[in-house]
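Me: I would like to learn how to read a few local features of a protein model, one at a time. Could you give me the general idea in each case and then show me how it applies here?

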Amino acid sequence: MKRKWMNACFLVCAALLAAACTGVPRRERDQEQLDRYLRYAGPPVDHVTYLGHYDNWQSVSPYQLVLWTNINDAYLITVAPPCENLQFAQRVALTNTASTISTHFDAVLVHGWRCMITEIRPIDYLRLRQDRREERAQQKAEAGQRDEAGQKP
């Protein structure tokens, strides 16, 4: 009986440890993505008008998400605390009036929480994508140069 209890405790501890370790890379990745979006974010705007639906969204911090209203238009949306589990949401909804999302009036709805929108910043998503393509091409070229240098005596 004591052995079963020890095994059960060991399994619970191992599961907790594994769960704790998995959060570290996500935080780092989210922070890198947030920093990238912030580099391309413009000044705050009062509202965004869109066609009644959004194409995609991505949580980048406990209180921020990126919302794509179409393939090229992205917005960094900040919500007021408390907004529990925005980073772990599978779905979000947005309130709007006549296909317009307004700061201090509309909210992000997640897990039963109504998270008031405090800031909307447009992201120059076309420029971000172009810069990423150029970075990848440069990295590929540098990797090719290293391979050539390593092959020659």
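Reply: Let us begin with burial in this predicted model, where Trp68 and Tyr125 are both buried. Trp68 has a relative accessible area of 8%, and residues under 20% count as buried.

Me: How should I read a pair of aromatic rings, and how many aromatic pairs does a search of the whole structure find?

Reply: In general, a pair of aromatic rings is described by the distance of the centres and the angle of the planes. A search of the whole structure finds 2 aromatic pairs. One of them is formed by Tyr37 and Trp68, which meet edge-to-face, with 6.3 Å from centre to centre and 75 degrees between the planes. This pair links distant parts of the chain, since Tyr37 belongs to helix 1 (residues 2–40) and Trp68 to strand 3 (residues 64–68), 31 residues apart. Tyr37 is buried, with a relative accessible area of 5%.

Me: Why is the pair of Trp68 and Tyr125 called edge-to-face?

Reply: The ring centres of Trp68 and Tyr125 are 5.5 Å apart and their planes stand at 80 degrees, so this pair is edge-to-face; the angle that decides the matter is one over 60 degrees. Because Trp68 lies in strand 3 and Tyr125 in helix 2, the pair ties together parts that are 57 residues apart in sequence.

Me: Which residues form one aromatic cluster?

Reply: Tyr37, Trp68 and Tyr125 form one aromatic cluster, with Trp68 taking part in the pair with Tyr37 and in the pair with Tyr125.

Me: Let us turn to charged side chains. What should I look for in a salt bridge, and how many salt bridges does the count come to?

Reply: Side chains of opposite charge can pair when their charged atoms come close. Here the count comes to 2 salt bridges, for which a nitrogen-to-oxygen distance within 4 Å is required. In one of them Asp124 pairs with Arg127, the closest N and O atoms being 3.9 Å apart. As for their surroundings, Asp124 is partly exposed at a relative accessible area of 35%, and Arg127 is likewise partly exposed, at 42%.

Me: With which residue does the side chain of Asp131 meet in a salt bridge, and where do the two lie?

Reply: Asp131 meets Arg127, with 4.0 Å from N to O. Both residues lie in helix 2, 4 residues apart, which is about one turn of the helix. Asp131 counts as partly exposed, with 22% relative accessibility. Salt bridges that share partners thus join Asp124, Arg127 and Asp131 into one network.

Me: Which residues gather in a patch of positive charge on the surface?

Reply: The patch of positive charge on the surface brings together Arg132, Arg133, Arg136 and Lys140. Arg132 is found in helix 2 (residues 125–151), and its relative accessible area of 31% makes it partly exposed. That value qualifies for a patch because the area has to be over 30%.

Me: What about the backbone: what do I compare a phi angle or a peptide bond with?

Reply: Most residues other than glycine have a negative phi, and most peptide bonds are trans. Against that background, Pro81 and Pro82 are joined by a cis peptide bond with an omega of about -5 degrees, and Pro82 lies in the loop between strand 4 (74–79) and strand 5 (93–94).

Me: Where is Ser99 found, and what is its phi?

Reply: Ser99 is found in the loop between strand 5 and strand 6 (100–102). Although Ser99 is not a glycine, its phi is positive, at about 60 degrees. Its relative accessibility is 24%, and Ser99 therefore counts as partly exposed.

Me: Is His104 buried or exposed?

Reply: His104 is exposed, with a relative accessible area of 58%. His104 is placed in the loop between strand 6 and strand 7 (107–110), and this residue has a positive phi of about 60 degrees although it is not a glycine.

Me: How far apart are Trp113 and Leu86 in sequence and in space?

Reply: Trp113 and Leu86 are 27 residues apart in sequence, while their C-alpha atoms are 9.4 Å apart in space. Trp113 itself is found in strand 8 (residues 113–123) and counts as partly exposed at 33% relative accessibility.

Technical notes
Residues numbered from 1 in each chain as written. Predicted model: local features only at pLDDT ≥ 70, side-chain atom pairs only at ≥ 80, totals over all residues. Heavy atoms only, no water. Patch = residues over 30% accessible without salt bridge, like charges linked within 9 Å, V, L, I, M, F, W, Y side chains within 5 Å. Areas by Shrake-Rupley, 256 points an atom, 1.4 Å probe, with all protein chains shown as cover. Lys, Arg positive; Asp, Glu negative; His and termini not counted. Charge placed at Lys NZ, Arg CZ, Asp CG, Glu CD. Buried < 20%, exposed > 50% of the residue type's maximum accessible area, 1.4 Å probe, protein only. Phe/Tyr/Trp six-rings, centres within 6.5 Å; stacked < 30°, edge-to-face > 60°.
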